[in-house]
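Here is a short tour to read with the model open beside you. Let us begin with a question about charged side chains and work outward from there.

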Amino acid sequence: MKNKLIAIVFLLLFCSIISPNSLKAETSNRIISLIPSSTEMLFSIGFGREIIAVSNYCNYPSKEIEGLPRIGDQNLNIEKILSLKPTILVDTNGIHKRYEELFQKLKLNYLNLSIKSIEDVPLEASRLAEILGDKTKADDFIKKWNLEISKLTTNNDKKIPSIYMEIWNNPIQAVGGNNIMNSIILAAGGENVLAKQNDYPVINSEILMVANPDIIILAYPDADIESVKKRPGWKIINAVKNNRVFSINQDTIVRPGPRNIEAIREINKFINKVEEK
């Protein structure tokens with residue numbers, strides 16, 4: 001009996017010395033992602049296993065986030081967030097900045113990633129990894145990102161086509177300047193016909209007929225290309241006349257982060273199709 005007690009005491013001492021260090025390495029972060037782009041960034045740089053909850057809108061990577069608690073959409077479930085005892089909440093471009101003062105009062109650590117252009121993606125990836133305790137985790141992602149960008153944006157003296165990108169159809173809303181989508185168009189080798197307008201202008205047909213883009217890209221769910229071609233007056237637009245109206249996966253272009261590379265690659269293909277004709 002005495003030997004058994006000694007063995008139990010020794011085991012408890014061993015666990016108290018060894019286990020906390022090993023557990024700390026695996027569970028030092030309890031991350032809640034407040035927005036899909038933050039979730040995608042966290043997985044891309046190797047912190048996916050430390051995510052304990054995500055937003056209602058998060059859908060990628062689908063298998064990895066399946067079963068994770070959901071903490072809301074535009075309106076956050078603060079009670080649920082508190083119950084999960086996170087060490088950090090990760091946002092992007094201040095989507096939930098209105099909660100920042102409340103987070104401070106509740107002693108919740110709030111981090112906002114600022115990604116306004118494709119150049120910001122690797123910079124914010126590195127900053128996020130450093131804040132989470134291991135800056136080197138982002139190294140592989142950054143190397144691959146920079147390599148792919150250099151391949152897709154190589155100057156080859158080709159004609160730069162004008163592009164109109166639509167993000168909603170009722171009312172008709174487009175991509176203006178000073179946002180990640182405008183940056184993606186430029187990186188892919190195009191020129192945004194509405195770059196001088198505000199971020200996401202609501203436009204009419206007359207504006208687009210004057211702009212007369214070479215390519216039209218529809219970036220919203222269930223976009224009907226044929227319906228767009230039949231809009232009053234649009235048949236005189238170069239993109240419609242030459243059958244250069246395309247659709248793209250909305251998530252890859254509206255979410256600032258890792259999958260923007262997919263959007264650049266896709267738009268680059270649209271441009272190449274135009275050049276082949």
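Which residues are linked in a network of salt bridges? They are Glu40, Asp251, Arg255 and Arg259. A salt bridge here is a side-chain nitrogen of Lys or Arg within 4 Å of a carboxyl oxygen of Asp or Glu.

Before going further, a word on the ground rules. This is a predicted model, numbered from 1 along each chain as its sequence is written, in which local features need pLDDT of at least 70 and side-chain atom pairs count only at pLDDT 80 or more, while totals for chains, interfaces and linings use all residues. Side-chain values use heavy atoms, with hydrogens and water left out.

**Overall picture**

The predictor's confidence in each residue, pLDDT, runs from 0 to 100. Its mean for the protein is 90, and 88% of the residues reach 70 or more. Residues 4-26 are a stretch to read with care: pLDDT stays under 50 there, and the model has four contacts beyond four places in sequence for them. Contact means heavy atoms within 4.5 Å.

The secondary structure comes to 13 helices and nine strands; these are DSSP runs, with helices (H or I) of at least four residues and strands (E) of at least two, numbered from the N terminus. Of the 277 residues, 45% count as buried, where buried means under 20% relative accessible area, exposed over 50%, and partly exposed in between (1.4 Å probe, protein chains only). Among contacts with a separation of 6 or more, 56% are between residues 24 or more positions apart. The accessible surface is about 15,200 Å², and 53% of it belongs to carbon and sulfur atoms; such areas come from the Shrake-Rupley method with a 1.4 Å probe, and for residues only the protein chains shown count as cover.

**Salt bridges**

By the rule given above, the count is 11 salt bridges. Three of them are listed here.

| Pair | Distance, N to O |
|---|---|
| Asp214 and Lys159 | 3.4 Å |
| Lys229 and Glu226 | 3.4 Å |
| Asp251 and Arg255 | 3.6 Å |

The side chains of Asp214 and Lys159 meet in a salt bridge. This pair links distant parts of the chain, 55 residues apart: Asp214 sits in the loop between α9 (205-211) and β8 (215-218), and Lys159 in the loop between α7 (139-152) and β5 (162-169). Asp214 counts as buried because its relative accessibility is 14%, whereas Lys159, at 61%, counts as exposed.

Lys229 and Glu226 belong to helix α10 (residues 225-229), and because they are three residues apart, about one helical turn separates them. An α-helix has 3.6 residues a turn, so residues three or four places apart point the same way. Lys229 is buried at 18% relative accessibility, and Glu226 is partly exposed at 43%.

In the third pair, Asp251 is buried, and so is Arg255. Both also belong to the network we started with.

**Helix α8 and Asn192**

Is helix α8 (residues 180-188) buried or exposed? Eight of its nine residues are buried, so the rest of the structure largely encloses this helix. The buried ones include Met181, Asn182 and Ile185. At the N-terminal end, Asn179 acts as a cap, with a side-chain oxygen 3.0 Å from the backbone nitrogen of Met181. Just after α8, Gly189 takes a positive phi of about 105°.

Asn192, in strand β7 (residues 191-192), is a good place to see this region joined up. Its relative accessible area is 5%, so Asn192 is buried. The side chain of Asn192 makes a polar contact with the side chain of Asn182 at 3.0 Å; the term covers a pair of N or O atoms within 3.5 Å, where within protein one must be able to donate a hydrogen and the other to accept it, and residues adjacent in sequence count only if both atoms are side-chain atoms. That Asn192 side chain also reaches the backbone oxygen of Val175 at 3.1 Å. Beyond neighbours within four places in sequence, the contacts of Asn192 include Ile163, Gly176, Gly177 and Ile185.

**On the surface**

Gly67 is found in the loop between α3 (62-65) and α4, and at 73% relative accessibility it counts as exposed. The C-alpha atoms of Gly67 and Ala53 are 9.1 Å apart, with their positions 14 residues apart along the chain. Leu82 lies in helix α4 (residues 78-83) and is partly exposed at 36% relative accessibility.
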